Amino acid sequence: MNKTGYLGPRGTHSEEAALYLESLTETGEKTELVPYPEIADVFEAVRLGAVDKALVPVENSLEGPINISLDIIARTDSISVSRELIWPVRNNLLAKCEARDIKTIHSHGQPFSQCRSFLRRSFSWAALVEEPSTAKAAEIVSLSDPAEGMAAIGTRRAAEIYGLNIIAGDIQDSLENCTRFYEIHGTKSRQKDKEENPPLGKGQALLVCQIDGSKAGSLLAVLQDFARFGVNLTRIESRPARTCLGAYIFFFDLEIDGNIEAIRQAVEAVRSRSIWLRYPGEFPVIRRTNIKQGISEG
């Protein structure tokens, strides 16, 4: 049985996304989902081989990049990316009591930010209590007495797991709210996966590097390398290199559309300009987007 790690506990958005990805797998082999309390623990489980693969969040469309995920990817040679999933985030207000009796609302910090307008408009009197995860918030509410007036912001799956009522659904301020996840493997298992699957025709590649920022035009030269080989960039992200003030690591998402050789030539050109460079892989992008009729995949 394969094992897939994710940011737990059960009932988080990460678990919902992991279950969805597993539903797309056609091998017929059963997979055990293994929850971990911290994102760093998920990466470590992959590095040590405790799980075969894992799903980690890397960016939210409203809150921005998940910095710990980017930092670990940048500093780990033994991790590669096999798939990207763009997952629509749907937040719900869960409780055992009636809406009018809610006194405190528990959740992770991000859902509070994502649902700010709803909370201000509909529950301005309620105190907000931050918890380690949406699932933990749901668990806490499930153990409370209804008279305490506790509610949680979480997933529909959390409502099912912990026996809570959905007081209000889709309470996020933007219907465009989504999270990007990377499915990650250890380098050896990723090599095996590449050997068993046909070459990627359309998708994305990730390149991470540090360039010498003391030289004028260093970043421009890198961008010109991509342009010279006809490689389109869909995202550029920077993070402090943690070596000295003003030193940065750059993350480049490269669009793949049958141009694998051009991608690899561009990567080697950028490598020659970099202090160091890591290439976690080429991978398909799976989009699960919400439309009025429901949910569709693309």
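**Exercise 1. How many residues in the lining of the second largest pocket are nonpolar, how many polar and how many charged?**

Before we start, note that this is a predicted model: local features need pLDDT of at least 70, side-chain atom pairs count only at pLDDT 80 or more, and totals for chains, interfaces and linings use all residues. Residues are numbered from 1 along each chain as its sequence is written, and side-chain values use heavy atoms, with hydrogens and water left out.

*Step 1.* Fix the terms. On a 1 Å grid over the protein atoms alone, a pocket is an open set of points with protein on both sides within 12 Å along at least five of seven lines, while a cavity is a set of points where a 1.4 Å probe fits but cannot get out; lining residues have an atom within 4 Å of a point. Ala, Val, Leu, Ile, Met, Phe, Trp, Tyr, Cys and Pro count as nonpolar, Asp, Glu, Lys and Arg as charged, and the others, Gly among them, as polar.

*Step 2.* Find the lining. It has 25 residues, and Leu7, Ser14, Pro57, His108 and Pro132 lie nearest the centre of the pocket.

*Step 3.* Sort them: 11 are nonpolar, 12 polar and 2 charged.

*Step 4.* Add the volume, about 630 Å³. Here grid points are joined across faces, edges and corners, and a volume is the space filled by probe spheres set on the points.

**Exercise 2. Find which helix or strand gives the largest share of that lining.**

*Step 1.* Helices (H or I, at least four residues) and strands (E, at least two) are DSSP runs, numbered from the N terminus.

*Step 2.* At least two lining residues come from each of α1, β3, α4 (109–114), α6 (134–142) and β11 (178–186).

*Step 3.* The largest share belongs to α4, with 3 residues.

**Exercise 3. Describe the largest cavity and its lining.**

*Step 1.* The whole structure holds 1 cavity of 30 Å³ or more, and the largest cavity contains about 30 Å³ of space.

*Step 2.* Its lining consists of Thr4, Ala18, Leu21, Glu22, Ala54, Leu55 and Glu183. By type, these are 4 nonpolar, 1 polar and 2 charged.

*Step 3.* α1 (13–24) and β3 (53–60) each supply at least two of the lining residues, and α1 gives the most, with 3.

**Exercise 4. Is isoleucine 39 buried or exposed, and what does it touch?**

*Step 1.* Isoleucine 39 belongs to helix α2 (residues 39–48).

*Step 2.* Its relative accessible area is 11%. Buried means under 20%, exposed over 50%, and partly exposed in between (1.4 Å probe, protein chains only), so isoleucine 39 is buried.

*Step 3.* Leaving out residues up to four places away in sequence, isoleucine 39 touches Leu7, Pro57, Ile66, Ile68 and Ser69; contact means heavy atoms within 4.5 Å. Leu7 and Pro57 also appear among the residues nearest the centre of the second largest pocket.

*Step 4.* Phenylalanine 181 is 142 residues away from isoleucine 39 in sequence, with 12 Å between their C-alpha atoms.

**Exercise 5. Work through leucine 219 in the same way.**

*Step 1.* Leucine 219 sits in helix α9 (residues 218–228).

*Step 2.* With a relative accessible area of 32%, leucine 219 is partly exposed.

*Step 3.* Beyond residues up to four places away in sequence, leucine 219 touches Ile211, Phe250 and Phe252.

*Step 4.* Serine 133 is 86 residues from leucine 219 along the chain, and their C-alpha atoms are separated by 38 Å.
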